[in-house]
Amino acid sequence: MGTLTDHEAVKTFKLHGKKPNPCITAGTPTLMKTRYHWRNGARKTCDPIVWRTYWDLRGASCTVLKRESGCWMFDCGEGSQIQLKKSCIKPGKLTKIFITHLHGDHLFGLPGLSCTIGLNCAENRPPIEIFGPVGLRKYLRVCLELSQSLLGFSYSVHELYCSHSDFCQSGNTGPLDLSTTDRQHPNETLGRPIFENKDCLWQVCQESNLTVFAAPLKHRTMCFGYVVQEKQIPGKLDPSLLKQKGIPPGPLYSKIKDGESIIAPDGSQITPNEVMGLPRQERKIVILGDTCDSSKIKTIAADADVVVHEATLADELKEACIDYGHSTPGNLIELLKSLIIHKFDS
């Protein structure tokens, strides 16, 4: 399509009752790069109206995994609370928060969301566990301390330490002081350090039949991708088959659900395979932070059912995209091919 001037774009979208899309407003991809690259003096070249509407559209948010026992959030940008209000997810249902890296569009919403959760939470609310790169504890402590914010619940921050991977970089602004302030927040319980294993993977946490792993991603700062792995779930027990074999409801049902064989009244052995349906195969979800190279997560992410991966710029801007530590759609396709995704949830 032809290039629209700034005012033409604003006028066009107002006629249709919509806000301007920054890509259309900027015209061609090349023009978008030169005029709207906020790392290259965009504030000086953009029309004030268009710049303002760009930020009206911006809403760095989060990804939420909804479970029966609670919800897990991955990253928490400044627009997370707005998006949560539009969804069926209640902030009070959050039990775990995973931060991929300490850039603002993945982190700035965390202090505010924490305060919102504390407004209406029950007195016996379970603690919230927060996981992320080293430095996350200091960030949250300082934000809550300087804003004099008290929460109505307890929380803990578990930090991922990186000592071997060449992907774990300190950032492009020089060494960072990640040492934690000595003043522990009144609602904080001390979290644990998490170190990588010999395979350069972090076993972040385990709850019920889910285990969360982390792997390093190449970005401009220390960054991680998370893999939520589900254990295989046994098939459903068919009570009618047990009753036919003379087994009344009771403790033996629990034993066979746990995979143990039992003995029928006639002395015959009953195995779980005889009275239980097919097991449900384990599922795997992969949620990555910003990256220009996700090769370190390929092994643990293989055969994933769902992959959440960024694609910041178009393929024709690949060189500039990689320079800033991000991916293009082509990078994503290459990763998906390497994972050989072939499982589908019925």
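Here a colleague and a modeller talk through the cysteines and salt bridges of a predicted model.

Modeller: Since this is a predicted model, local features need pLDDT of at least 70 and side-chain atom pairs count only at pLDDT 80 or more, while totals for chains, interfaces and linings use all residues. Residues are numbered from 1 along each chain as its sequence is written, and side-chain values use heavy atoms, with hydrogens and water left out.

Colleague: Happy with that. How do you know that Cys115 is in no disulfide?

Modeller: A disulfide is a pair of cysteine sulfur atoms within 2.5 Å. For Cys115 the nearest cysteine sulfur belongs to Cys143 and is 9.6 Å away, so that pair does not meet the cut-off. A search of the whole structure finds zero disulfides.

Colleague: Why is Cys121 called partly exposed?

Modeller: Buried means under 20% relative accessible area and exposed means over 50%, with partly exposed in between (1.4 Å probe, protein chains only). Cys121 has 21%, so it falls in the middle class. Cys115, with 26%, is partly exposed as well.

Colleague: Now the charged pairs. What makes Glu188 and Arg141 a salt bridge?

Modeller: The rule asks for a side-chain nitrogen of Lys or Arg within 4 Å of a carboxyl oxygen of Asp or Glu. Glu188 and Arg141 have an N to O distance of 2.7 Å, so they qualify. This pair links distant parts of the chain, 47 residues apart: Glu188 is in the loop between β5 (155–161) and β6 (193–195), and Arg141 is in helix α8 (residues 136–146). Helices (H or I, at least four residues) and strands (E, at least two) are DSSP runs, numbered from the N terminus.

Colleague: Why do Glu188 and Arg141 count as buried?

Modeller: Glu188 has 5% relative accessibility and Arg141 also has 5%, so both belong to the buried class.

Colleague: How do you know that Glu274 forms a salt bridge with Lys245?

Modeller: Their closest N and O atoms are 3.9 Å apart, so the pair passes the cut-off. Glu274 lies in helix α11 and Lys245 in the loop between α9 (239–244) and α10 (251–257), so the salt bridge ties together parts that are 29 residues apart in sequence. Glu274 is partly exposed at 39%, and Lys245 is partly exposed at 35%.

Colleague: How many salt bridges does the rule give in total?

Modeller: The count comes to 11. Arg67, Lys96, Glu129 and Glu207 are linked in a network of them.
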